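Trainee: I want the reasoning behind each label, not just the label. Can we go through it together?

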Amino acid sequence: MITIIGAGKVGGDAALFSALKKLDDQILLLDVVEGLPQGEAMDINHMLSEQGIDVEVKGSNDFADMKGSNIVVVVAGSGRKPGMTRMDLLKINATIVKSVVENVKKYADNSMIIPVTNPLDPMAYITYKVSGFDRSRVFGMGGMLDLSRFRQFIHEATGHSRDSIRALVIGEHGENMLPLPRFSSVSGIPLSSFLPKEKLDELIQNTKQVAAKVIELKGATVHAPGNAISAIVESVMRDRKQVIPVATYLDGEYGHSDVTIGVPAVIGRKGVEKIIELDLNDEEKQIFDKAVESVKSAISGIEI
Ligand SMILES: NC(=O)c1ccc[n+]([C@@H]2O[C@H](COP(=O)([O-])OP(=O)(O)OC[C@H]3O[C@@H](n4cnc5c(N)ncnc54)[C@H](O)[C@@H]3O)[C@@H](O)[C@H]2O)c1
Ligand SMILES: O=C(O)C[C@H](O)C(=O)O
């Protein structure tokens, strides 16, 4: 069973994509608001019925219902409003994530947890610490969404089909995000063969800023994050061993310890099966280190 805690906009969409992709027979939506997860589940089941897909989506307010889950997605909490950074949500969401993860520990001790709530990297750290799970079983979704945006900008700038484009974004899912043109390509050919440096710099800026633009225009980001969650869940459920940037706990990798930040990792049935250490150049390393400092400073200010 896949459990999604937080049946709001992103949680509901993640359930929808996971059901359409038939990632498991049962999907549970949990929320504190009475009626919301039940209504969301009904709506999705009605759609699945017409599609002829035998995945059952259930909504509940009882955390005990997550017993037996293999994967728990934590997407409960507030989203930012226009003018805010993700870090502005630190205090309010830390309290929510702590209490949610206590429940995961209580009822689904053998699961893997995918934190999504913002600010993502500090929330992944809280999840890792509060759960006490092995680090391979806690990996946050942020970079997968960032790379889908970078990929779209590369597609728009080059005109090449989306499926020929590979893109990578690591670091903080926040102000110190690190899109990596050197590790992105069109059909395996480096981006520098297609776009001049000034254009690449523009795409990097756009990738960092576009979520705020979507929030300004429609109030929240929904479909791209819902899909990105399902892509990570799929790599676990189908043991695809895809290399995906996830917010995972570092223990010496990239020269850092006791911090949770986005790095590429092999995601399979066992969760994070391997962290990939890229050979970053000085400029990239500087931004990555700044991201680590930002996350460390945030987590030092919260009681866990
Ligand atoms: N990591 C990412 O890439 C990414 C992408 C999109 C959104 N987010 C974050 O995901 C979070 C949710 O976004 P949204 O747009 O779905 O918000 P939303 O307000 O639509 O939904 C949040 C839901 O969480 C529920 N909730 C609050 N406290 C809870 C608790 N203790 N237990 C269970 N449920 C609880 C609320 O009732 C609400 O239904 C935000 O923090 C947002 O910033 C992260
Ligand atoms: O930007 C946000 O606040 C939501 C999410 O982190 C996103 O990148 O879409």
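Mentor: What follows takes two helices, then the annotated sites.

Mentor: This is a predicted model, where local features need pLDDT of at least 70, side-chain atom pairs count only at pLDDT 80 or more, and totals for chains, interfaces and linings use all residues. Residues are numbered from 1 along each chain as its sequence is written, chains are lettered from A and ligands numbered from 1 in the order in which they are written, and side-chain values use heavy atoms, with hydrogens and water left out.

Trainee: What makes residues 36-51 a helix of the expected span?

Mentor: Helices are DSSP runs of H or I with at least four residues, strands are runs of E with at least two, and both are numbered from the N terminus. H2 has 16 residues. The expected span is 1.5 Å times one less than the number of residues. That gives 22 Å for H2, and its first and last C-alpha atoms are 23 Å apart, which is close.

Trainee: Which residues of H2 are buried?

Mentor: Buried means under 20% relative accessible area, exposed over 50%, and partly exposed in between, with a 1.4 Å probe and protein chains only. In H2, Pro37, Ala41, Ile44 and Leu48 are buried.

Trainee: Why do the buried residues of H2 line one face?

Mentor: Seen down the axis of H2, they fall within an arc of 75°, so they share one face of the helix. The arc is that of the directions from the helix axis to the C-beta atoms. An α-helix has 3.6 residues a turn, so residues three or four places apart point the same way. On the other side of H2, His46, Ser49 and Glu50 are exposed.

Trainee: What covers the buried residues of H2?

Mentor: The cover includes helix H1 (9-20) and strands S2 (26-30) and S3 (56-60). Contact means heavy atoms within 4.5 Å.

Trainee: How do you know that the span of H6 agrees with its residue count?

Mentor: H6 covers residues 197-218, which is 22 residues. At 1.5 Å a residue they should span 32 Å, and the end C-alpha atoms are 32 Å apart, so the two agree.

Trainee: Where does H6 bend?

Mentor: H6 bends at Gln209, by about 45°. The bend is the angle between axes fitted to the seven residues ending there and the seven starting there. Just after H6, Gly219 has a positive phi of about 95°.

Trainee: Why is Arg86 called buried?

Mentor: Its relative accessibility is 5%, so Arg86 counts as buried. Arg86 sits in the loop between strand S4 (71-74) and helix H3 (90-107). Leaving out residues up to four places away in sequence, Arg86 touches eight others by name: Arg80, Asn118, Pro119, Arg149, His173, Gly174, Met177 and Ala211.

Trainee: What makes Arg149 buried?

Mentor: At 9% relative accessibility, Arg149 counts as buried. Arg149 lies in helix H5. UniProt, in an unreviewed entry, lists Arg80, Arg86, Asn118 and Arg149 under "binding site". UniProt positions use the numbering here, feature names are shortened, and annotations may be inferred rather than shown by experiment.

Trainee: Why is Asp31 buried or exposed?

Mentor: Asp31 has a relative accessible area of 14%, so Asp31 is buried. Asp31 is in the loop between S2 and H2. Beyond its neighbours within four places in sequence, the contacts of Asp31 include Gly6, Leu36 and Ser60.

Trainee: And what about Gly6, buried or exposed?

Mentor: Gly6 has a relative accessible area of 5%, so Gly6 is buried. An unreviewed UniProt entry places "binding site" at positions including Gly6 and Asp31.
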